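Visitor: I have a protein model open on my screen and would like to go through it with someone. Could we take it piece by piece?

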Amino acid sequence: MLRPVAVYCLLFTLWTWCEAQSDSGTPVIQLRLAGEKRKHYEGRVEVFYNGEWGTVCDDDFSFSAAQVVCRELGFIDAESWSPSAKYGKGEGRIWLDNVHCSGGEKSLAQCESNGFGVSDCKHSEDVGVVCTQKRIPGFKFIRTQGNGEEGVNVQVEDVRIRATYSQRKRIPITEGFLEVKDGGKWRQICNRDWTEMNSRVICGMYGFPGEKRFNTRPYKLLATRRKKNYWGFSVNCTGNEADLSDCKLGHEIELKGNSTCQEGMPVVISCIPGRAFAPSVSTGFRKAYRIEQPLVRLRGGAMIGEGRVEVLKNGEWGTVCDDNWNIRAATVVCRELGFGSAKEALTGARMGQGIGPVHMNEVECSGFEKSLTECYFNRDALGCSHEEDAAVKCNVPAMGFHNRLRLSGGRNPYEGRVEVLAERNGSLVWGTVCSESWGTMEAMVVCKQLGLGFASHAFQETWYWQGDSSADNVVMSGVRCSGTELTLDQCLHHGKHIDCPKGGGRFAAGVSCTQTAPDLVLSSQVVEQTSYLEDRPMYALQCAQEERCLSSSADKADSTSYRRLFRFSSQIHNNGQSDFRPRAGHQSWIWHECHRHFHSMEVFTHYDLLSLNGTKVAEGHKASFCLEDTHCDEGIQKRYECANFGAQGITVGCWDTYRHDIDCQWIDITDVLPGDYIFQVVINPNYEVAESDYTNNIMKCRCRYDGHRIWTYNCHIGENRNTQED
């Protein structure tokens with residue numbers, strides 16, 4: 001048990017603090033979370049005791065101890081804890097070792113331990129915790145310690161931008177009085193020591209890339225009329241923090257009722273919205289950054305403002321290695337793309353693996369760069385693979401998108417009949433969406449709008465989901481989405497003129513959503529290496545003709561004539577975060593007697609030969625008669641095998657190979673004239689199965705045919721080349 005300690009009196013510039021025992025005989029300590037690659041509710045546990053900050057050893061630490069730490073810091077509970085300096089090694093003393101808590105203690109100092117400063121640990125054993133994001137309502141933070149040269153971070157229950165009455169209906173809210181919730185009450189901050197850097201941090205938290213100037217006169221008038229309740233501290237931000245909780249607490253402000261902050265007024269925040277969230281084209285993002293050609297993009301994310309970071313260099317898109325990847329670099333990416341600061345800097349290809357080169361490694365940013373490409377980085381990415389692709393999650397403005405849409409009748413919150421809020425006869429009513437033309441792309445937009453991830457299925461019948469009977473009427477029809485829309489009403493649709501012959505009810509549109517999705521990518525290198533011509537007699541192509549794998553002229557061809565086939569192999573990798581499975585179950589697969597196999601997807605790939613102006617001159621298609629794991633990356637077990645009517649699919653980290661010598665793995669070019677062409681392969685062309693990224697499902701090659709031989713070259717995936725020459 002802890003022994004009684006002596007009394008220490010310390011005098012700081014603005015603080016006088018006596019380190020004494022509390023009434024219960026427990027030493028008074030202060031805690032904070034620190035360290036690398038962290039969010040504000042997680043980090044290395046640090047203790048302020050006897051005038052200096054130190055750490056806690058992971059020996060005997062438990063979830064109960066993590067709960068005590070989180071509650072002492074004002075969070076409702078703990079989520080987890082981490083040993084072995086996950087958030088980096090601390091400095092100074094290791095204050096506590098062999099900590100034993102029951103979970104009910106009010107302070108970590110009340111838990112059993114070896115005593116303050118008694119430890120045989122190294123900083124490689126520093127413990128870290130992850131707390132729940134929710135704060136304890138009305139929690140009163142202790143701010144009378146540890147405010148030396150380092151300072152302590154700002155700790156409040158909540159933060160908000162309180163718009164004036166005339167601006168409250170605007171979405172998003174970009175301007176208003178700044179208020180912090182402390183001790184259960186909302187309070188204003190005196191603007192005497194407020195800086196642009198502080199405003200920059202607040203705007204970033206709320207999903208905006210930057211702050212802007214505003215007209216102070218109306219706010220001064222409002223401030224004189226309103227009763228004020230000031231917070232007792234100033235704030236010191238450097239401007240590159242991702243959250244107010246990362247800023248330092250400033251000096252104490254003397255609270256004198258209405259006389260407080262007499263030389264100033266409450267802080268007002270005014271932010272620039274990103275282009276996607278700006279009310280009109282003329283405002284917002286363009287004033288902040290004038291980027292003609294985007295140099296950075298996000299791919300593979302389920303929600304807006306998140307994804308794998310990809311960079312354009314020498315006309316080719318590539319990824320960023322996660323060595324040294326941190327919240328500061330992630331925030332530069334987020335602001336560059338018109339979002340706010342970063343919520344999270346993700347490592348280890350958490351948003352799926354990219355393709356192409358790794359352009360950047362060991363990125364170091366100050367936080368004020370206009371683009372990630374301005375940050376220092378190591379061009380040598382040796383040793384970096386796509387398993388280390390960096391990703392981000394950005395703060396985005398509160399647009400209220402989820403309030404206009406809901407899922408009804410499902411077995412869980414991730415599925416159900418789609419119901420939208422629409423205006424009818426001057427009032428807002430809930431209604432259903434017509435399921436004609438309803439597919440994966442439309443379902444993707446619904447799941448994204450609700451913040452539920454990717455679509456796993458789009459349903460055109462929903463009789464088995466009992467939705468709200470008052471919302472049975474169809475209020476939206478003819479919906480066609482590209483997949484890039486933020487909301488369903490941004491998609492093409494019939495507007496107020498509903499056209500839905502089937503009606504709603506059992507034929508209303510429905511979705512099921514999932515947090516992860518597969519991502520299929522064709523190996524362009526394998527296609528390039530395996531392409532060749534074969535002249536094959538018609539009598540050997542009867543099954544292929546039955547499956548419509550030959551051009552239409554073959555219908556009239558003599559059985560002794562030959563067809564000229566452009567053959568190649570397809571090696572299709574799953575770079576996503578979940579397995580690729582056919583949409584249809586075993587029971588609905590189609591048996592093809594001639595080839596003696598089932599088709600789990602009638603059209604799995606399209607093969608096209610195009611003229612240089614994009615006109616189709618020849619085509620082929622491939623049904624997925626066997627989706628299986630041909631090979632897998634090291635350490636990954638094969639899960640799918642077609643033998644004996646087995647389950648079909650492609651596991652994450654595995655690939656399926658359709659060899660050049662199997663039926664239909666070709667384009668019939670018998671009728672094609674010699675010349676230069678574009679060879680195009682599209683995987684999952686009808687979007688039957690949801691994927692995290694469809695832009696990499698297309699492969700294009702240049703192709704030269706001289707009437708006898710064929711050359712395939714300059715193959716590339718989707719938009720991975722930013723040139724028009726292909």
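Visitor: Which residues is Asp668 in contact with, leaving aside its neighbours within four places in sequence?
Guide: This is a predicted model, and in it Asp668 is in contact with Leu550, Ser551, Arg563, Arg564, Leu565, Ala618 and Glu619, once neighbours within four places in sequence are left aside.

Visitor: Where does Asp668 lie?
Guide: Asp668 lies in strand 39, which covers residues 666–668.

Visitor: Is Asp668 buried or exposed?
Guide: The relative accessible area of Asp668 is 3%. Buried means under 20%, so Asp668 is buried.

Visitor: What polar contacts does its side chain make?
Guide: The side chain of Asp668 is joined to that of Arg563 by a polar contact of 3.0 Å. A polar contact of 2.6 Å links the side chains of Asp668 and Thr670.

Visitor: Let us turn to sheets. In what order do the four strands of the open sheet run?
Guide: The order is 29-32-38-37, and the pairing is antiparallel. Strand 29 (520–522) and strand 37 (631–632) each have a single partner strand, so one side of each is left without a neighbour in the sheet.

Visitor: And how many bridges join strand 32 and strand 38?
Guide: Strand 32 (residues 570–574) and strand 38 (residues 654–658) pair over four bridges, in the antiparallel sense. Within this pairing, Asp656 of strand 38 is the bridge partner of Ile572.

Visitor: What about strand 18: which strand pairs with it in the antiparallel sense?
Guide: That is strand 17 (residues 306–313), with four bridges between the two. Glu310 stands opposite Thr319 of strand 18. The hairpin of strand 17 and strand 18 has two residues between the strands, and Asn314 there takes a positive phi near 50 degrees.

Visitor: Which strand pairs with strand 18 in the parallel sense?
Guide: Strand 20 (residues 358–364) does, over two bridges. Val320 stands opposite Met360 of strand 20.

Visitor: How many residues of strand 18 are buried?
Guide: Four of its five residues are buried, and strand 18 (residues 316–320) is thus mostly covered.

Visitor: Returning to strand 20, what is notable about the phi of Glu362?
Guide: Glu362, found in strand 20, has a positive phi near 50 degrees although the residue is not glycine. Most residues other than glycine have a negative phi. With a relative accessible area of 30%, Glu362 is partly exposed.

Visitor: Which residue in the loop between strand 6 and strand 7 should I look at?
Guide: One residue of that loop is Ser84. The phi of Ser84 is positive, near 60 degrees. Ser84 has a relative accessible area of 51%. The cut-off for exposed is over 50%, so Ser84 is exposed.

Visitor: A change of topic: which residues of helix 1 are buried?
Guide: They are Ala65, Ala66, Gln67, Val68, Val69, Cys70 and Glu72. Helix 1 (residues 63–72) is mostly covered, with seven of its ten residues buried.

Visitor: What covers those buried residues?
Guide: The cover includes strand 3 (30–34), strand 4 (42–49), strand 6 (78–82) and strand 8 (128–131). Helix 1 is followed by Gly74, which has a positive phi near 95 degrees.

Visitor: Where does Asn191 lie?
Guide: Asn191 lies in the loop between strand 11 (185–188) and helix 2 (196–205). Its relative accessibility is 26%, so Asn191 counts as partly exposed. Not counting residues up to four places away in sequence, Asn191 touches Cys261, Gly264, Met265, Pro266 and Val267. Asn191 and Ser234 are 43 residues apart in sequence and 8.4 Å apart in space, C-alpha to C-alpha.

Visitor: How many cavities of 30 Å³ or more does a search of the whole structure find?
Guide: The search finds three cavities. The largest cavity holds about 160 Å³ of space. It is lined by 15 residues, and those closest to its centre are Leu33, His40, Asn153, Gln155 and Ser245. The lining of the largest cavity divides into six nonpolar, five polar and four charged residues.

Visitor: Finally, what does the secondary structure of the whole chain come to?
Guide: The protein chain has eight helices and 42 strands. Of its 726 residues, 53% count as buried. Among contacts in the chain with a separation of 6 or more, 70% are between residues 24 or more positions apart.

Methods
Residues numbered from 1 in each chain as written. Predicted model: local features only at pLDDT ≥ 70, side-chain atom pairs only at ≥ 80, totals over all residues. Heavy atoms only, no water. 1 Å grid on protein atoms, 1.4 Å probe; cavity = no way out; pocket = protein on both sides within 12 Å on 5 of 7 lines; lining within 4 Å. Points joined across faces, edges and corners; volume = space filled by probe spheres on them. Nonpolar A, V, L, I, M, F, W, Y, C, P; charged D, E, K, R; others polar. Buried < 20%, exposed > 50% of the residue type's maximum accessible area, 1.4 Å probe, protein only. Pairing = 2+ DSSP bridges. Polar contact = N/O pair within 3.5 Å; in protein donor to acceptor, adjacent residues only side chain to side chain. Contact = heavy atoms within 4.5 Å.
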